[in-house]
Amino acid sequence: MVTGCFCFAIPPKMFRRLVEKAPAKAHGHHKHSTKLRSVRYAEHAAPAKPPARSRKPQRTVYDVANGETLPGKLVRKEGGKPASDTAAEQAFDNAGIALAFFREVFGRNSVDGKGLPIVSAVHYGQAFENAMWNGRQMIYGDGDEHVGNFTAALDIIAHELSHGVTQYLIPGGLGVERIPAAEREFKEQRYRLTGQSGALNESFSDVMGSLVKQWHARETVREADWLIGEKVLARGMGRAVRSLKSPGNERVTWRGDEQMRSMDQYYEGCDVHDASGIPSHAFYQAAMKIGGHAWEKAGHIWFEAYDNLSRTAQFADFAQATLAVAAKRHGEASLPHNAVHAAWRKVKVLG
């Protein structure tokens, strides 16, 4: 089994459950995923010199034709004709929605804040059952009988692009750790997310993924379903990948979901995807108490607080950062400040 976390659309624990009857297939997926993941974490630690920026969105989509050589054949570009391939067009459109959200809500120009062009590659690998941001571009597999349809899932795309935002917000990578050679199962496996800081990295992407979906649908906090990835699981596999409203609730996610909702469940060395439920649920609690549209107040508090974190920040550090932003934006006696404080008490990060 590969050590460390998998920061793809489908986390490792869930993937192992989905393919538990096909261990050879799971092993191949893990090895391939590890190689891709190591590229992203290296980019987190030291982003490459980017191409020329633009004030307008710059999206391109390539078809890898089930190969593994990136980027592939160009099939869609900004200002060009729509692609005949559905996955390519979905990847193009949904990336555009996510970029519009960051631009219009937070005033951020692309993932780096400076107009980084967004490259996407569809039809990657042979039935590759995942999607990811690899530090430079988006990559989508076609999936299989268990999971797929990644390009149609706006929240999944927004989640992965948000890893790119975190990459540039926090130099060195939030929770990114280099794996000692003795602990690597594959030679490509060099980086992983660990601890509470790694969970904060994952939580940021879930919060932003949910906000993008809510913003696009113009949903209030009470109208939103607060689910992540409800479009990617095949019938009988579950309803969603994660829930901010009810972390770890198998009835609304998938059988085997062990995501945490408070510090009562936390332990050192746990999976960062599981632990990410704690700060994600705190966001849900705060947003519900504030009311209205989650991106208007709670979203700004969360986003600005992440911009003030160090790469080794813990849950308590982030809680204090959100309180500081809430106080600065709304005042210490305000509803948003009180809601944020109550939310962190609810998940038992603050006493």
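**How helix α8 packs in a predicted model**

Modeller: In this predicted model, 65% of the contacts in the protein chain with a separation of 6 or more are between residues 24 or more positions apart.

Colleague: Nice start! How many helices and strands are there in the protein chain?

Modeller: The protein chain has 10 helices and nine strands. Of its 351 residues, 59% are buried, where buried means under 20% relative accessible area.

Colleague: Why is α5 called roughly antiparallel to α8?

Modeller: Helix α5 (residues 195-217) and helix α8 (residues 298-306) pack at an angle of about 150 degrees, with axes 11 Å apart. Angles over 145 degrees count as roughly antiparallel, so α5 is roughly antiparallel to α8. The crossing of α5 past α8 is left-handed.

Colleague: Which residues make that contact?

Modeller: From α5 come Leu200, Ser203, Phe204, Val207, Met208 and Leu211, and from α8 come Gly299, Trp302, Phe303 and Tyr306.

Colleague: What makes Gly299 count as polar, and how do the residues of the contact of α5 with α8 divide?

Modeller: Gly is placed among the polar residues by definition, therefore Gly299 of α8 counts as polar here. The contact of α5 with α8 has eight nonpolar residues, two polar and no charged.

Colleague: And where does α7 meet α8?

Modeller: Helix α7 (residues 277-290) crosses α8 at roughly 145 degrees, and their axes come within 9 Å. On the α7 side are Pro279, Ala282, Phe283, Ala286, Ala287 and Ile290; on the α8 side, Ala298, Gly299 and Trp302. That contact of α7 with α8 divides into eight nonpolar residues, one polar and no charged.

Conventions
Residues are numbered from 1 along each chain as its sequence is written. This is a predicted model: local features need pLDDT of at least 70, side-chain atom pairs count only at pLDDT 80 or more; totals for chains, interfaces and linings use all residues. Side-chain values use heavy atoms; hydrogens and water are left out. Axes are lines fitted to C-alpha atoms, for helices over the stretch in contact, and angles run from 0 to 180 degrees between N-to-C directions. Helices (H or I, at least four residues) and strands (E, at least two) are DSSP runs, numbered from the N terminus. Angles under 35 degrees count as roughly parallel, over 145 as roughly antiparallel, 65 to 115 as roughly perpendicular and the rest as oblique. A crossing is left-handed if the near helix is turned anticlockwise from the far one by less than a right angle, and right-handed if clockwise. Contact means heavy atoms within 4.5 Å. Buried means under 20% relative accessible area, exposed over 50%, partly exposed in between (1.4 Å probe, protein chains only).
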